[in-house]
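Open the model in your viewer and keep the sequence panel beside it. The stops below say what to select next and what is there.

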Amino acid sequence: MSQPSKWWWGLLPLIVLWIVATVFTNKFVSSDLNNRSAAALGATVDSPAISVTGRDITASGTIFSPEDSAKVTNTIGAVWGVRKVLNDTKQPALANPFNWGVTRDGSTVNLTGSVPNPQAREKIVSAAKAAFAGAEIKDAMSYASGASASYETGALFGLDQLARLAKGSVAISGADLTVSGNAATQAAYDGITAALKTLPQGITLAKADIAPPPSYAFDALKDAGKLTLTGKYPDDDTHGKILDAAKSLFFGEEIVDQLTAAPGAPSGFGNAAIAGLNALSRLAKGTFSLSNTNAKLTGDALYDQAVASVQNAFATAVPDGFKFEPAQIVVGPAAPAIDATNCQSTLNTMLTKSKINFETGKAQITPASSGLLDLIVATIGRCANSSIEISGHTDSSGDETANIALSEQRAKAVVDYLTSAGVSPERLTAVGLGSSRPIASNDTDEGKALNRRIEFSVK
């Protein structure tokens, strides 16, 4: 009877080992099934949760279409060792209306509202990072069902428009777009205004409240022998170019510089200001103004034909991106007549203060000389009984035969300008004298510059 008792004592360790092995094996199998099922799901489910009971798998989390639900069941069911799949995944709750928004305030961009799936979220966040380089992108979007077919296109379009704003917001409710904020520049204001006229398909504009940038103004007033400059300039280089242009165009007139430095000038501002000064120099008196990219010229022309000439030249010279109103120019009151002696004296005074310039080595008059030539036209008109000889002169450089030919061509170019302005051609004679009558030494650059000239002789 003692032998069976010993046999049972030997069986106890085997039972313990079997229990331990079973427990650890079940834990290993459960962990293995869990890991392989989760790996098989990949990105199909957002925030997936897998639980294992024996060889039965329960999957929960967020899916984004009915097709995803079937995919979850089939994917986990295909994992080796899985006996049964309980699919507890759910689509996001329906949002009606489906709202989305983005705001920009300084260096922070906030994404809010609903997003339909991870793919759309990734595109929107990536687009925000590209549009707002260096800004902090805060993604507070949450998943929801019910997005329209135009949702993604509308959101990306909205980000593009917000990038043009210094501060603002864009919102989409269903298919309705709302945009508000302050444009960073005039070009940005013009760009967003144009873009909102051609919305993406499926998107409608519910409201647009876009404030243009603060006015960037420049004004030039010519009157009573004085040019007064007021308003803004963006940098010292542009300021210097404006003053240089004013001094060369408004010879003999007092230049009053009241300009102040300020950021925010539209692109091409300096060229627009100089183009306006060019046009203003051809008027007896007038004003030129810039307000952001809007240019305006008004004043009194010196003679009848100058009205259309100044208007056309001004319209051509305004840089791309600037808008101009038709120049409001009229002919000023006629100045009193003068005799030949006073006519000669007046012309000499003009040419002492300034000169008619040509393209280097050519007989083409530079546009900057138009203001001086218009004054000459008006002066010649005051001495209507006199004939005028226009003589061209060069320095001594080069071949004298070529110099005579060039000087004559330049004198004829001046005659052409005067006759196109209404001066009778019978009153005008052009001669080329080359370097035969210097007024300064040809041994210096300064002397040569003085010798290259046009002279008027009143008969």
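One definition is needed before the tour starts: a residue is buried under 20% relative accessible area, exposed over 50% and partly exposed in between, with a 1.4 Å probe and protein chains only. The model is predicted, so local features need pLDDT of at least 70 and side-chain atom pairs count only at pLDDT 80 or more, while totals for chains, interfaces and linings use all residues. Residues are numbered from 1 along each chain as its sequence is written, and side-chain values use heavy atoms, with hydrogens and water left out.

**Stop 1: a hairpin and its turn**

Select Ala224. At 75% relative accessibility, Ala224 counts as exposed. Ala224 lies in the loop between S11 and S12. Helices (H or I, at least four residues) and strands (E, at least two) are DSSP runs, numbered from the N terminus. The phi of Ala224 is near 55°, a positive value in a residue other than glycine.

Now extend the selection to strand S11, residues 217-223, and strand S12, residues 226-233. S11 and S12 form a hairpin with two residues between them. The two strands run antiparallel and are joined by six bridges; strands pair if DSSP finds at least two bridges between them. Within this pairing, Leu221 stands opposite Thr228 in S12.

Add strand S14, residues 283-291. S14 is also antiparallel to S11, and six bridges join them. Here Leu221 stands opposite Thr287 in S14.

Which residues of S11 are on the covered face, and which on the uncovered one? Phe218, Ala220 and Lys222 make up the covered face, whereas Ala217, Asp219, Leu221 and Asp223 make up the uncovered one.

**Stop 2: two loops**

Select Asn292, in the loop between S14 and strand S15 (294-301). The phi of Asn292 is near 55°, a positive value in a residue other than glycine. Is Asn292 buried or exposed? At 9% relative accessibility, Asn292 counts as buried.

Next, go to Pro97, in the loop between strand S3 (84-87) and strand S4 (99-105). The peptide bond from Asn96 to Pro97 is cis, with omega near 5°.

**Stop 3: helices H3 and H4**

Two packed helices are described by the angle between their axes and the distance between the axes. Select helix H3 (residues 118-131) and helix H4 (residues 151-162). Their axes come within 10 Å and cross at roughly 15°. Axes are lines fitted to C-alpha atoms, for helices over the stretch in contact, and angles run from 0 to 180 degrees between N-to-C directions. H3 and H4 are therefore roughly parallel to each other; angles under 35 degrees count as roughly parallel, over 145 as roughly antiparallel, 65 to 115 as roughly perpendicular and the rest as oblique.

Show the side chains of the contact (heavy atoms within 4.5 Å). From H3 come Ala120, Lys123, Ile124, Ala127, Ala128 and Ala131, and from H4 come Tyr151, Glu152, Ala155, Leu156 and Leu159. By class, these residues are nine nonpolar, no polar and two charged. Ala, Val, Leu, Ile, Met, Phe, Trp, Tyr, Cys and Pro count as nonpolar, Asp, Glu, Lys and Arg as charged, and the others, Gly among them, as polar.

**Stop 4: an open sheet and helix H11**

Select S18, S19 and S20, an open sheet of three strands in the order S19-S18-S20, with mixed pairing. S19 (428-432) and S20 (453-458) stand at the edges with a single partner strand each, so one side of each is left without a neighbour in the sheet. On average, neighbouring strands of this sheet are turned by 20° against each other, direction ignored. Strand S18 (residues 388-393) pairs with S20 in the antiparallel sense over six bridges. Ile388 stands opposite Val458 in S20.

Add helix H11 (residues 400-420), which lies across S18, S19 and S20 and runs at about 160° to S19. Ala402 is found in H11, and at 45% relative accessibility Ala402 counts as partly exposed.

For the last selection, add helix H10 (residues 370-382), whose axis comes within 10 Å of that of H11 and crosses it at roughly 65°. Ser370, Leu373, Asp374, Ile376, Val377 and Ile380 in H10 meet Val414, Tyr417 and Leu418 in H11. This contact has seven nonpolar, one polar and one charged residues.
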